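Biologist: Hey, could you walk me through this one? I'm new to reading structures, so plain words please.

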Amino acid sequence: MSPLKDLKPEVKPDAQPNVRPDVRRRPRGPVTHARPVARPEAPVTRRAPQPPSERRRPPRAPFVMLVVGLLGGGLVSLLLLNTVLAQDSFKHNELRRVNEQLRQQADAVRGQLRDAGQPGTVAKNGVQHGVSPDDTAPKWVGGARTPSITDPEPTTSGRTEPNAEVTDNAETGSTEQ
């Protein structure tokens with residue numbers, strides 16, 4: 001055979017297939033021997049490339065629209081909440097102002113009642129309505145030591161006055177003028 005004709009090496013039928021040493025396993029300690037381990041080479045199976053139509057990613061637009069929609073809905077709800085709180089704040093301030101006005105009116109009415117109950121004001125109003133002051137001596141009312149009074153006589157003013165004088169002035173403690 002001529003070396004130019006046959007470039008293929010001859011394969012012997014009883015020879016082992018290509019053997020590669022196992023480089024994945026290495027001893028942890030120092031290497032004392034370097035003998036390759038024979039391992040039959042398995043054919044590597046690779047997945048066939050898929051056509052572009054099967055290799056598609058899920059569409060991003062629905063996810064992006066969902067996120068934008070959630071953010072937009074959250075923003076709108078926060079704006080509505082802020083508006084409601086501001087409206088309640090205005091109502092609160094208005095009610096506080098009305099309450100203060102009512103408190104001032106109540107204080108003014110209390111002051112008027114206090115002034116109207118003063119003795120000078122009562123006497124002045126009584127004179128305006130035709131009521132005259134009672135200038136008679138006060139009568140003793142109650143107690144165990146009541147002075148003896150005979151039947152009273154009616155007067156021109158409609159009041160009753162006793163006929164007899166109080167006899168026991170010192171004992172009762174009353175004074176007549």
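Modeller: Let's go through the overall layout, then the details, then how far to trust them.

Biologist: Okay, is this model predicted or experimental?

Modeller: This is a predicted model. Keep that in mind as we go.

Biologist: How many helices and strands does the protein chain have?

Modeller: The protein chain has 3 helices and 2 strands. Starting at the N terminus, they come in the order α-α-β-β-α.

Biologist: And what share of the residues count as buried?

Modeller: Just 3% of the 177 residues in the protein chain count as buried. The accessible surface adds up to about 17500 Å², and 59% of that belongs to carbon and sulfur atoms.

Biologist: What about contacts between residues far apart in sequence?

Modeller: Take the contacts between residues at least 6 apart in sequence: 20% of them join residues at least 24 apart.

Biologist: Switching topic. Which residues form a nonpolar patch on the surface?

Modeller: That would be Phe63, Val64, Leu66, Val67, Val68, Leu70 and Leu71. Together they have about 700 Å² of accessible area.

Biologist: Where is leucine 66, in terms of helices?

Modeller: Leucine 66 is in helix α1, which covers residues 61-116.

Biologist: Cool. How many salt bridges are there?

Modeller: Searching the whole structure turns up 3 salt bridges. One of them links the side chains of arginine 97 and glutamate 94, at 2.4 Å from N to O.

Biologist: Where do those two sit?

Modeller: Both arginine 97 and glutamate 94 are in helix α1, 3 residues apart, and that is about one turn of the helix.

Biologist: Are they buried or exposed?

Modeller: In between. Arginine 97 counts as partly exposed because its relative accessibility is 41%. Glutamate 94 is at 38%, so it counts as partly exposed too.

Biologist: Who else pairs up?

Modeller: Glutamate 100 forms a salt bridge with arginine 103, and their closest N and O atoms are 2.9 Å apart. These two also lie in helix α1 with their positions 3 residues apart, about one turn of the helix. Glutamate 100 has a relative accessible area of 36%, so it is partly exposed, and arginine 103 counts as partly exposed because it is at 43%.

Biologist: And what about arginine 110 and aspartate 107?

Modeller: Their side chains meet in a salt bridge as well, 2.7 Å from N to O. Why are they about one helical turn from each other? Because arginine 110 and aspartate 107 are 3 residues apart in helix α1. Aspartate 107 is at 43% relative accessibility, so it counts as partly exposed.

Biologist: What's going on with helix α2?

Modeller: Helix α2 spans residues 119-128 and is hardly covered: among its 10 residues, the count of buried ones is 1. After α2 comes glycine 130, with a positive phi near 90°.

Biologist: Last thing: what is the mean pLDDT of the protein chain?

Modeller: The mean pLDDT is 75, and 53% of the residues reach 70 or more.

Biologist: Which elements have the highest and lowest mean pLDDT?

Modeller: Helix α1 has the highest at 95, while helix α3, residues 169-172, has the lowest at 49.

Biologist: Where does pLDDT stay under 50?

Modeller: Over residues 164-170, where the model has 6 contacts beyond four places in sequence. Where pLDDT is low, the predicted coordinates should not be read in detail.

Conventions. Residues are numbered from 1 along each chain as its sequence is written. This is a predicted model: local features need pLDDT of at least 70, side-chain atom pairs count only at pLDDT 80 or more; totals for chains, interfaces and linings use all residues. Side-chain values use heavy atoms; hydrogens and water are left out. Patches are made of residues with over 30% relative accessible area and no salt bridge: like charges are joined within 9 Å, nonpolar side chains (Val, Leu, Ile, Met, Phe, Trp, Tyr) within 5 Å. Accessible areas come from the Shrake-Rupley method with a 1.4 Å probe; for residues, only the protein chains shown count as cover. A salt bridge is a side-chain nitrogen of Lys or Arg within 4 Å of a carboxyl oxygen of Asp or Glu. Helices (H or I, at least four residues) and strands (E, at least two) are DSSP runs, numbered from the N terminus. Buried means under 20% relative accessible area, exposed over 50%, partly exposed in between (1.4 Å probe, protein chains only). Contact means heavy atoms within 4.5 Å. pLDDT is the predictor's confidence in each residue, from 0 to 100.
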